[in-house]
Amino acid sequence: MELMGKSQGKAENTGTEENLYRALAVGDLPAAWLSARAFIERSKTEKLACATAFNCGLCLYRLGEYEKSLTELTQAEQSLGNPPEFDMAEKKLFAQALSVGGSETAFLPLDPDSGKALARYGLLRVKWLATLCLLRLGRQQEAAAGIRFLRQYHIEVP
């Protein structure tokens with residue numbers, strides 16, 4: 001009997017924010033999907049933390065579900081509001097760090113423990129992935145605002 005209780009606890013634990021983050025970080029899409037699906041269902045009735053909503057959106061994007069990804073990314077953006085902009089010195093070095101990371105930075109998961117200090121970065125990442133979704137869906141006019149936003153950080157999307 002005890003063994004069954006332990007295995008049930010592990011099955012329920014597959015959908016944690018940390019498990020979703022880790023699965024995406026190592027590229028384990030099946031595990032990411034198993035972790036994300038409970039959050040995606042919950043997001044229909046409650047607000048998720050920005051990083052969790054973003055990571056669900058990232059998982060869906062990687063699965064080619066761009067419209068569903070946009071739904072999660074919209075929730076992520078709404079949970080952030082309008083965080084303060086970087087100051088000029090930070091923005092220059094930040095843009096430099098982004099250029100070193102390249103376009104693959106758009107597909108990195110957000111750490112659920114990152115906190116408010118990275119809120120502006122979170123907003124940038126949400127808008128970046130949402131813009132990529134819109135472009136994949138052929139909605140260039142809607143993507144234009146995201147493209148303009150990203151150019152402030154010297155990010156060019158195809």
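This passage describes the aromatic contacts, pockets, cysteines and selected single residues of a predicted model.

The aromatic side chains are considered first. In the predicted model, the count of aromatic pairs comes to 7. One of these pairs is formed by Phe-86 and Tyr-153, whose rings meet edge-to-face, with 6.4 Å from centre to centre and 90° between the planes. Phe-86 is placed in the loop between helix 5 (66-80) and helix 6 (88-101), whereas Tyr-153 belongs to the segment after helix 8 (140-151), so this contact ties together parts of the chain that are 67 residues apart in sequence. Both partners fall under the 20% limit that defines a buried residue: Phe-86 counts as buried at 17% relative accessibility, and Tyr-153 counts as buried at 1%.

Tyr-153 also takes part in an aromatic pair with Phe-94, again edge-to-face, for which the centres are 6.1 Å apart and the angle between the planes is 90°. This pair, too, links distant parts of the chain, since Phe-94 lies in helix 6 and Tyr-153 in the segment after helix 8, at a separation of 59 residues. Phe-94, like Tyr-153, is buried. Phe-86, Phe-94 and Tyr-153 join Tyr-121 and Phe-149 in one aromatic cluster.

Two rings of this cluster are also accompanied by lysine side chains. The charged end of Lys-91 sits over the ring of Tyr-153, at a distance of 4.9 Å from the ring centre, and Lys-127 lies over the face of Phe-149, 5.1 Å from the centre of that ring.

The pockets of the model are described next. Rolling a probe the size of a water molecule over the atoms shows where empty space is left. The largest pocket holds about 310 Å³ of space. Its lining consists of 16 residues, of which Cys-50, Leu-80, Gly-115, Lys-116 and Ala-119 are the closest to the centre of the pocket. At least two lining residues are supplied by each of helix 4 (50-62), helix 5 and helix 7 (119-136), and the largest share, 3 residues, comes from helix 7. By class, the lining of the largest pocket divides into 10 nonpolar, 4 polar and 2 charged residues.

The second largest pocket contains about 160 Å³ of space. Among the residues that line this second pocket are Leu-70, Leu-73, Thr-74 and Glu-77, together with Val-126, Lys-127, Ala-130, Thr-131 and Leu-134, and also Glu-142, Ala-145 and Gly-146. The elements that give two or more residues to this lining are helix 5, helix 7 and helix 8, and helix 7 provides the largest share, with 5 residues. The lining of the second largest pocket is made up of 6 nonpolar, 3 polar and 3 charged residues. Lys-127, which lies over the face of Phe-149, is one of the residues in this lining, and the lysine thus appears in both descriptions.

The cysteines form no bonds with one another, as the structure holds 0 disulfides. For Cys-50, the closest cysteine sulfur is that of Cys-56, and the separation of 11 Å is too far for a bond. Cys-50, which is among the residues closest to the centre of the largest pocket, counts as buried at 13% relative accessibility. Cys-133 is likewise in no disulfide, with the nearest cysteine sulfur, that of Cys-59, lying 12 Å away. Cys-133 is buried, and its relative accessible area is 0%.

Two exposed residues complete the description. Thr-45 is located in the loop between helix 3 (29-42) and helix 4 (50-62), and a relative accessible area of 70% makes this threonine exposed. The C-alpha atom of Thr-45 is separated by 22 Å from that of Asn-19, and these two residues are 26 positions apart along the chain. His-154 is found in the segment after helix 8 and is exposed, with a relative accessible area of 64%. Most residues other than glycine have a negative phi. In His-154, by contrast, phi is near 60°, a positive value in a residue other than glycine.

Notes. Residues numbered from 1 in each chain as written. Predicted model: local features only at pLDDT ≥ 70, side-chain atom pairs only at ≥ 80, totals over all residues. Heavy atoms only, no water. Helix = DSSP H or I, 4+ residues; strand = E, 2+ residues; numbered from the N terminus. Buried < 20%, exposed > 50% of the residue type's maximum accessible area, 1.4 Å probe, protein only. Phe/Tyr/Trp six-rings, centres within 6.5 Å; stacked < 30°, edge-to-face > 60°. Lys NZ or Arg CZ within 6 Å of the ring centre and 35° of its normal. 1 Å grid on protein atoms, 1.4 Å probe; cavity = no way out; pocket = protein on both sides within 12 Å on 5 of 7 lines; lining within 4 Å. Points joined across faces, edges and corners; volume = space filled by probe spheres on them. Nonpolar A, V, L, I, M, F, W, Y, C, P; charged D, E, K, R; others polar. Disulfide = S-S within 2.5 Å.
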